[in-house]
Amino acid sequence: MVPALGDYVFDAVRNGWFDARSGPNRRPGGLVTGLWRSKEPRIFLNWSGHPVGMRIAAHEMGHGFHFSQAIESFRCFEDYSWALLEVPSNFAELCLGQYLIEKAETPRERMRHLWQDTLFASHMLSMTAFRL
């Protein structure tokens, strides 16, 4: 994993920026928002316990990391294209995927993570193609 991203994840959890509670009034998926005055992101996730939740968490952490790095020049958020906004979050997902593949204990588990990365890549290619 990229050291700065890893440090950010630990900081987000330690500082309470990452809220991954589950509950009946929480929608599936994740959301990131930034607090401009404190220059801190907030990451919300309805944790389901499903392995896909790890990827959603990584994706949202990527957005939060991007916010934390770019907040000093907040004007940069005004004209971002969809594709550029998704780069840090997609990168975080790919880092998680690589980690899970490396740490897989069985060939079946490794294949499951490789398959998830393949699905992710094809999804991102199709989303990018249709948004251009």
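Q: What makes the Asp 117 and Arg 55 pair a salt bridge?
A: In this predicted model, the closest N and O atoms of Asp 117 and Arg 55 are 2.9 Å apart. A salt bridge needs a side-chain nitrogen of Lys or Arg within 4 Å of a carboxyl oxygen of Asp or Glu. The 2.9 Å value is within that limit, so the pair counts as a salt bridge. The two partners come from distant parts of the chain: Asp 117 sits in helix 4, Arg 55 in helix 2 (residues 51-70), and 62 residues separate them.

Q: How do you know whether Asp 117 is buried or exposed?
A: Look at its relative accessible area, which is 14% for Asp 117. Buried means under 20%, so Asp 117 counts as buried.

Q: And Arg 55, buried or exposed?
A: Arg 55 has a relative accessible area of 7%. With the cut-off at under 20%, Arg 55 is therefore buried too.

Q: What else does Asp 117 touch?
A: Leaving out residues up to four places away in sequence, Asp 117 touches Gly 97, Gln 98 and Ile 101 as well as Arg 55. Helix 4, where Asp 117 is found, covers residues 107-131.

Q: How many salt bridges does the structure hold?
A: Four. One of them joins Asp 19 to Arg 21, with the closest N and O atoms 2.7 Å apart. Another is made by the side chains of Arg 42 and Glu 40, at 3.2 Å from N to O.

Q: Why is Asp 19 called buried?
A: Its relative accessibility is 15%. That is under 20%, the limit for buried, so Asp 19 gets the label.

Q: What about Arg 21, buried or exposed?
A: Arg 21 comes out at 53% relative accessibility. Exposed means over 50%, so Arg 21 counts as exposed.

Q: Why is Glu 40 called partly exposed?
A: Glu 40 has 23% relative accessibility. Buried stops under 20% and exposed starts over 50%; Glu 40 falls in between, so it counts as partly exposed.

Q: How do you know that the span of helix 1 is close to that expected?
A: Helix 1 (residues 3-14) has twelve residues and reaches 16 Å from its first C-alpha to its last. The expected span, at 1.5 Å a residue, is also given as 16 Å, so the two agree closely.

Q: Which residues of helix 1 are buried?
A: Leu 5, Gly 6, Tyr 8 and Ala 12. Down the axis of helix 1, these buried residues fall within an arc of 160°, so they line one face of the helix. The face turned away from that buried side carries the exposed residues Pro 3, Phe 10 and Arg 14.

Q: Why is Val 13 called partly exposed?
A: Val 13 lies in helix 1. At 49% relative accessibility, Val 13 is not over the 50% needed for exposed, nor under the 20% needed for buried, so it counts as partly exposed. Apart from neighbours within four places in sequence, Val 13 is in contact with Phe 18 and Met 61.

Q: Which residues make up the largest nonpolar core?
A: There are eight: Leu 5, Tyr 8, Ala 12, Trp 17, Ile 43, Met 61, Phe 65 and Ala 92. Helix 1 and helix 2 each supply at least two of them, and helix 1 gives the most, with three. In soluble globular proteins, nonpolar side chains tend to be buried together. Tyr 8 touches several fellow core members, including Trp 17, Ile 43, Met 61 and Phe 65.

Q: What makes strand 1 and strand 2 stand at the edges?
A: The three strands form an open sheet in the order 1-3-2, with mixed pairing. Strand 1 (18-19) and strand 2 (30-35) each have a single partner strand, so one side of each is left without a neighbour in the sheet.

Q: How do you know that strand 2 and strand 3 pair?
A: Six bridges join strand 2 to strand 3 (residues 40-45). Pairing takes at least two bridges, so these strands, which run antiparallel, pair. In one of the bridges, Gly 34 has Pro 41 of strand 3 as its partner.

Q: What is the order of elements in the protein chain?
A: From the N terminus on, they run α-β-β-β-α-α-α, with four helices and three strands.

Terms used. Residues are numbered from 1 along each chain as its sequence is written. This is a predicted model: local features need pLDDT of at least 70, side-chain atom pairs count only at pLDDT 80 or more; totals for chains, interfaces and linings use all residues. Side-chain values use heavy atoms; hydrogens and water are left out. Helices (H or I, at least four residues) and strands (E, at least two) are DSSP runs, numbered from the N terminus. Buried means under 20% relative accessible area, exposed over 50%, partly exposed in between (1.4 Å probe, protein chains only). The arc is that of the directions from the helix axis to the C-beta atoms. Contact means heavy atoms within 4.5 Å. A nonpolar core is a set of buried Ala, Val, Leu, Ile, Met, Phe, Trp, Tyr and Cys residues joined through side-chain atoms within 4.5 Å.
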